[in-house]
Every structure is written in structure tokens, then in C-alpha cells.
Amino acid sequence: MSKAITNAAAVLTQHDRKGKLPPGPSLDITFMLTYKADNPGFTGMRMGGYTEQENTLYFERAVPEDLLESSRAGEFVSLVLEDMFDNATDYFADRGRLFNPAGWKESLRQVGIAR
């Protein structure tokens, strides 16, 4: 899981440096890894903390322990990112802010994270 998360972060950062991510609000996600008694205290995804000054919507995603060493970790990361874009779309639509989920999903396809 750590390798899949690091890979996604690295390729998206490189894509961003080339100016290829869509304009608009930024998204920040923290993957909360679960291991035995050390867990994030929630399941699924949560979001919040957006301010106009930072222009960043924050997300946290709890990662189930059985996925930590899974061969499908890359697929899980991809699905989480797509879910994050869908949640961000709803969040910004409710506030009348423009957000480009298709552009974000296309960026994932361009860097090989999504299908």
C-alpha cells in the first residue's frame, strides 16, 4: 500500500509541476493506515477543512488492514482518488464553486493511475 500511495503522489506531483492538473481548488488526501490496535478511529473517507485562503479541500481515507500488503493496492488508491473527486464535485457544487472532476480523472488516466 505504501508503494502504491507513494507512486500516485510522485506521478501526480510531477504532472502538477508540468502544469497539467486542472485549475481550481486543490485537493489534499491523507491515507490513514490501519495496523492492529493502531487505527484512525473511523472507516471510509471524511473531508473538510476547506477555506478560501488555502483553496484546498482536505480528505482522509482509512485503509483497511487487509489491504496493506494487497496486490490490488494500486487499484484501491485509484478508486479512492476517483471517489475523492466525486466527493469534491458535490462539495463545491453545493457551494457554487467550479470544480473539474473530468479534468482530474483525465489527469489520472494520463499518468497511468486510472483506467
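# Worked exercises on a predicted model

**Exercise 1.** Lys 20 lies in the loop between helix 1 and strand 1; determine whether Lys 20 is buried, partly exposed or exposed, and which residues Lys 20 touches.

Solution. The model is a predicted one, in which local features need pLDDT of at least 70 and side-chain atom pairs count only at pLDDT 80 or more, while totals for chains, interfaces and linings use all residues. Residues are numbered from 1 along each chain as its sequence is written, and side-chain values use heavy atoms, with hydrogens and water left out. Helices (H or I, at least four residues) and strands (E, at least two) are DSSP runs, numbered from the N terminus. For accessibility, buried means under 20% relative accessible area, exposed over 50%, and partly exposed in between (1.4 Å probe, protein chains only). With a relative accessible area of 47%, Lys 20 is therefore partly exposed. Contact means heavy atoms within 4.5 Å; leaving out residues up to four places away in sequence, Lys 20 touches His 15 and Ser 107. Although Lys 20 and Ser 107 are 87 residues apart in sequence, their C-alpha atoms are 7.3 Å apart in space.

**Exercise 2.** Compare the span of helix 2 with the expected value, and state which elements its buried residues pack against.

Solution. The expected span of a helix is 1.5 Å times one less than its number of residues. Helix 2 covers residues 73–94, 22 residues in number, and its 32 Å from first C-alpha to last is close to the 32 Å expected. Its buried residues include Phe 76, Val 80, Leu 81, Met 84, Phe 85 and Ala 88. An α-helix has 3.6 residues a turn, so residues three or four places apart point the same way. The buried residues of helix 2 pack against helix 1 (2–17), strand 1 (26–33), strand 2 (45–48), strand 3 (56–63) and helix 3 (101–110). Just after helix 2, Gly 96 takes a positive phi of about 70°.

**Exercise 3.** Arg 61 belongs to strand 3; find how far away the nearest side chain of opposite charge is.

Solution. Lys and Arg count as positive and Asp and Glu as negative, with His and the chain ends not counted, and a salt bridge is a side-chain nitrogen of Lys or Arg within 4 Å of a carboxyl oxygen of Asp or Glu. Arg 61 is buried yet has no salt bridge, the nearest side chain of opposite charge being that of Asp 83, 5.5 Å away. Among the residues that Arg 61 touches, beyond four places in sequence, are Phe 31, Phe 42, Phe 76 and Val 80.

**Exercise 4.** Count the aromatic pairs and classify the pair of Tyr 50 and Phe 92.

Solution. Rings of Phe, Tyr and Trp (its six-membered ring) pair if their centres lie within 6.5 Å; planes under 30 degrees apart count as stacked, over 60 as edge-to-face and the rest as tilted. By this rule there are 6 aromatic pairs. Tyr 50 and Phe 92, at 5.2 Å centre to centre and 80° between the planes, form an edge-to-face pair. This pair links distant parts of the chain, 42 residues apart, with Tyr 50 in the loop between strand 2 and strand 3 and Phe 92 in helix 2. Phe 99 and Trp 104 have ring centres 6.4 Å apart and planes at 15°, so this pair is stacked. Ring pairs link Tyr 50, Phe 85, Tyr 91, Phe 92, Phe 99 and Trp 104 into a cluster.
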